[in-house]
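Hi everyone, thanks for coming. Please have the sequence and the 3D view open while I talk, and we can walk through this one together.

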Amino acid sequence: MDINQLVRKNVQKLTPYQSARRIGGQGDVWLNANEYPVAPHFELTQQTLNRYPEPQPQQVIRGYAQYAGVQPDQLLVSRGADEAIELLMRAFCEPEQDSILYCPPTYGMYQVSAKTLGIKTKIVPTTKDWQLDLNGIEQNLENVKLIYVCSPNNPTGNLINAQDIKTLLNMAQDRALVVIDEAYIEFSPQSSVVSWLTNYPHLVILRTLSKAFALAGLRCGFTIANKPVIDTLQKVIAPYPLATPVADIAAQALSKDGINTMKLNVQYLNDQKQKFADQLTQLSLVEKVYPSWSNYLCVKFQDDKDVFNNLWNQGIILRDQSKSMGQKNIIRISIGTQIECDAVITSLKTIE
Ligand code: PMP
């Protein structure tokens with residue numbers, strides 16, 4: 001029996017998200033998933049695994065609300081920000097009828113989630129300087145329910161102009177939700193739009209513990225929005241999205257000490273990023289290191305050098321962007337430890 005013939009048509013055609021882990025690789029230097037380079041240590045404190053967990057663990061919600069400066073009823077915690085990206089579509093988009101809109105180059109899961117659910121996509125590429133094409137967006141708003149904007153943007157590392165986000169919010173009023181993906185916001189916290197929630201009922205913000213909090217393996221993310229949006233998402237989320245050990249560790253990460261540790265992580269990576277960017281800029285095979293407000297650098301290399309495969313073969317695993325829209329010769333490099341950044345520089349020198 002051909003199982004494939006039973007599969008939904010859109011899933012038959014689906015190209016799954018090419019996550020760093022799915023792509024694989026072999027080596028000692030892993031700078032392809034924008035993870036924090038050093039593992040944090042936690043002890044479990046909850047020994048109640050015979051019981052189901054709280055659907056929305058109070059301590060986690062309270063801790064994150066305090067950290068983000070919002071009310072607990074403006075928050076939803078989920079299995080990473082990835083789950084939140086999809087929950088929004090499940091709650092707000094009619095399959096085969098409504099669309100989401102996104103602006104590549106940007107995070108790949110907006111597209112993959114939409115395609116999985118049979119939701120249409122409208123693609124409005126960014127301008128050359130990786131900002132929003134507001135006219136293009138305005139012309140494509142028909143049947144759009146969700147507009148995903150990533151800032152700082154993955155993979156480019158730039159911030160989206162605040163004024164443009166305001167224009168977008170005004171444009172989308174009474175039509176669509178504007179979802180600002182702030183997965184990397186801790187690396188430039190002054191740029192968060194969280195304080196705008198009072199003025200915009202259709203603003204949604206996505207956050208995660210995967211980046212600055214160094215907890216990508218925990219799978220814990222947040223949606224911040226006004227209560228009517230959160231209440232709607234509560235309807236479609238799984239009954240127990242966070243395992244008890246996940247909630248236990250998330251609560252510890254959001255304690256006063258946990259937040260302080262995160263801030264030190266950010267300082268460390270921001271310093272490291274500056275040094276790394278300076279060193280990369282000095283190499284002749286580097287054409288451009290783009291300014292970054294995140295924990296990775298977007299680097300453009302000379303045309304004829306097969307940098308990605310060269311480093312891959314040396315066990316240094318980076319993220320090749322060259323096949324994505326407007327990303328020719330570009331590699332995204334997560335900021336690692338000093339040793340890891342040095343390994344990249346040393347290997348690049350061998351290619352030069
Ligand atoms: N948004 C962006 C822009 C990301 O880069 C990522 C992780 N790669 C996510 C969301 C998903 O984060 P999480 O690990 O919380 O699912």
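Let's begin with the ligand. In this predicted model, the ligand is surrounded by 13 residues, and the closest are Ala81, Asp181, Tyr184, Thr208 and Ser210. What kinds of residues make up that shell, by class? There are 5 nonpolar, 4 polar and 4 charged residues. If you want a place to look, try helix H4, residues 80–92, which gives the most to the shell, with 3 residues.

Now for the polar contacts. Tyr184, one of the closest residues, places a polar side-chain atom 2.7 Å from an oxygen atom of the ligand. The side chain of Asn154 also has an N or O atom 2.8 Å from a ligand oxygen atom. On the nitrogen side, look at Lys211: an N or O atom in its side chain is 3.3 Å from a nitrogen atom of the ligand. How much of the ligand's accessible area does the protein cover? On its own the ligand has 400 Å² of accessible area, and the protein covers 92% of that. As for the space the ligand takes, it is the second largest pocket.

Keep Asn154 in view for a moment, please. Besides its contact with the ligand, Asn154 is joined to Pro155 by a cis peptide bond, with omega about 15°. Pro155 sits in the loop between strand S5 (144–150) and helix H7 (162–172). There is a cis bond from Pro104 to Pro105 as well, where omega is near 5°. Pro105 belongs to the loop between S3 and H5. I point these out because most peptide bonds are trans.

Another backbone detail is at Glu96, in the loop between H4 and S3. Its phi is positive, about 65°, although Glu96 is not a glycine. For comparison, most residues other than glycine have a negative phi.

Last topic: aromatic rings. How many aromatic pairs does a search of the whole structure find? The search gives 11. One of them is Tyr17 with Tyr107, an edge-to-face pair with 5.6 Å centre to centre and 70° between the planes. This pair links distant parts of the chain, since the two residues are 90 residues apart. Tyr17 is in the loop between helix H1 (9–12) and helix H2 (20–23), while Tyr107 is in the loop between strand S3 (99–102) and helix H5 (109–117). That S3–H5 loop is also where we met Pro105.

That's my tour, thanks for listening!

Notes:
Residues are numbered from 1 along each chain as its sequence is written. This is a predicted model: local features need pLDDT of at least 70, side-chain atom pairs count only at pLDDT 80 or more; totals for chains, interfaces and linings use all residues. Side-chain values use heavy atoms; hydrogens and water are left out. A residue is near a molecule or strand if one of its heavy atoms lies within 4 Å of it. A polar contact is a pair of N or O atoms within 3.5 Å; within protein, one must be able to donate a hydrogen and the other to accept it, and residues adjacent in sequence count only if both atoms are side-chain atoms. Accessible areas come from the Shrake-Rupley method with a 1.4 Å probe; for residues, only the protein chains shown count as cover. On a 1 Å grid over the protein atoms alone, a cavity is a set of points where a 1.4 Å probe fits but cannot get out, and a pocket is an open set with protein on both sides within 12 Å along at least five of seven lines; lining residues have an atom within 4 Å of a point. A molecule sits in a cavity or pocket if more than half of its atoms lie within 2 Å of its grid points. Helices (H or I, at least four residues) and strands (E, at least two) are DSSP runs, numbered from the N terminus. Ala, Val, Leu, Ile, Met, Phe, Trp, Tyr, Cys and Pro count as nonpolar, Asp, Glu, Lys and Arg as charged, and the others, Gly among them, as polar. Rings of Phe, Tyr and Trp (its six-membered ring) pair if their centres lie within 6.5 Å; planes under 30 degrees apart count as stacked, over 60 as edge-to-face and the rest as tilted.
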